[in-house]
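Trainee: I am new to this structure and would like to look closely at one single part of it. Please choose one strand, and take me slowly through what surrounds it.

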Amino acid sequence: MSETFFSLEIHPRFNETDALGHINNTIIPVWNEAARKPIFEIFNPTLDISKWDLIVAGFNIAYLSPTNYGSPVSIKTWISRVGNSSFEVTQQSWQQGRQTSETKTTMVYYDYGVDKSQPLSDEIKQKLSALTGE
């Protein structure tokens, strides 16, 4: 893998704004999920929902400045920690050269059949560890 992070350009829709004209704070997590698609494909290349093996354990968002309608937003995504069965994804949103948010999401490699986390393979750990964001 030549890139150490993923980037997705979002074009905000008018219906994603709030009464103050900003992008509503509930929209950033939705955009972040869309931007995590390349990470999902590391685990499940076809994105077959019947074979899904990831779960969100939690996330924290710092809203640094308003994100506005009318200009594209770039979501930069990388891996900030790799554990035994979980990993942390860091995502930043940028608009017109200004960082508007930073999100840290903990994802768990999960077996829904037994309702339990499972250890990450060495191959998966290596792929995730290459995504440093630098």
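Mentor: Two strands are said to pair if DSSP finds at least two bridges between them, and that is the term to hold on to while we look at strand β4. Keep in mind as well that this is a predicted model.

It helps to place the strand in the whole chain before looking at its partners. The protein chain holds three helices and six strands, and from the N terminus on these elements follow one another as β-α-α-β-β-β-β-β-α. With a radius of gyration of 16 Å, close to the 14 Å that the globule rule gives for 134 residues, the protein chain is as compact as a globular protein of that length. Its C-alpha trace spans about 45 × 30 × 25 Å along the principal axes. Of the contacts between residues at least 6 apart in sequence, 66% join residues at least 24 apart.

Strand β4 itself covers residues 86–95, and it has a partner on the way in and another on the way out. On the way in, strand β3, residues 73–82, pairs with β4 in the antiparallel sense over eight bridges, and the two are joined by a hairpin of three residues. On the way out, β4 and strand β5, residues 98–111, also run antiparallel, with 10 bridges between them. Serine 93 is a good place to see both pairings, since in β3 and β4 isoleucine 75 stands opposite serine 93, while in β5 the bridge partner of serine 93 is serine 101.

The turn from β4 into β5 deserves a pause. That hairpin has two residues between the strands, and glutamine 96 lies in this loop. Most residues other than glycine have a negative phi. Glutamine 96, however, has a phi near 50°, a positive value in a residue other than glycine. Its relative accessible area is 64%, which means that glutamine 96 is exposed. Leucine 47, in the loop between α2 and β2, also has a positive phi, near 55°, but with a relative accessible area of 28% leucine 47 is partly exposed.

The strand that leads into this turn is mostly covered: nine of the 10 residues of β4 are buried, in a protein chain where buried residues make up 40% of the 134 residues. One place to look for what lies around β4 is the largest nonpolar core, which has 15 residues, with Ile39, Phe43, Leu54, Ile79, Phe87 and Leu128 making the most contacts inside it. At least two residues of this core come from each of α2, β4, β5 and α3, and the largest share, four residues, comes from α2. Isoleucine 79 gives a view of this core from a single residue: leaving aside its neighbours within four places in sequence, isoleucine 79 is in contact with Ile39, Phe87, Glu88, Val89, Leu128, Leu131 and Thr132. Apart from this core lies another, of nine residues, and Ile10, Ile23, Ile27 and Ile61 are among them.

Helix α1, residues 27–35, is the last neighbour to bring in, and its buried residues are Ile27, Ile28, Trp31, Asn32 and Ala35. Seen down the axis of α1, these buried residues fall within an arc of 140°, so they line one face of the helix. The buried residues of α1 pack against several elements, including β4, together with β3 and β5. Within this helix, tryptophan 31 is buried, with a relative accessible area of 4%. Leaving aside its neighbours within four places in sequence, tryptophan 31 is in contact with Ile10, Pro12, Glu16, Ile23, Thr67, Val73 and Ile75. Isoleucine 75 in that list is the residue that stands opposite serine 93 in β4, and this brings us back to the strand we began with: tryptophan 31 and serine 93 are 62 residues apart in sequence, and their C-alpha atoms are 9.2 Å apart in space.

How values were computed. Residues are numbered from 1 along each chain as its sequence is written. This is a predicted model: local features need pLDDT of at least 70, side-chain atom pairs count only at pLDDT 80 or more; totals for chains, interfaces and linings use all residues. Side-chain values use heavy atoms; hydrogens and water are left out. Buried means under 20% relative accessible area, exposed over 50%, partly exposed in between (1.4 Å probe, protein chains only). A nonpolar core is a set of buried Ala, Val, Leu, Ile, Met, Phe, Trp, Tyr and Cys residues joined through side-chain atoms within 4.5 Å. Contact means heavy atoms within 4.5 Å. The arc is that of the directions from the helix axis to the C-beta atoms. The radius of gyration is taken over C-alpha atoms; the globule rule is 2.2 Å times the number of residues to the power 0.38.
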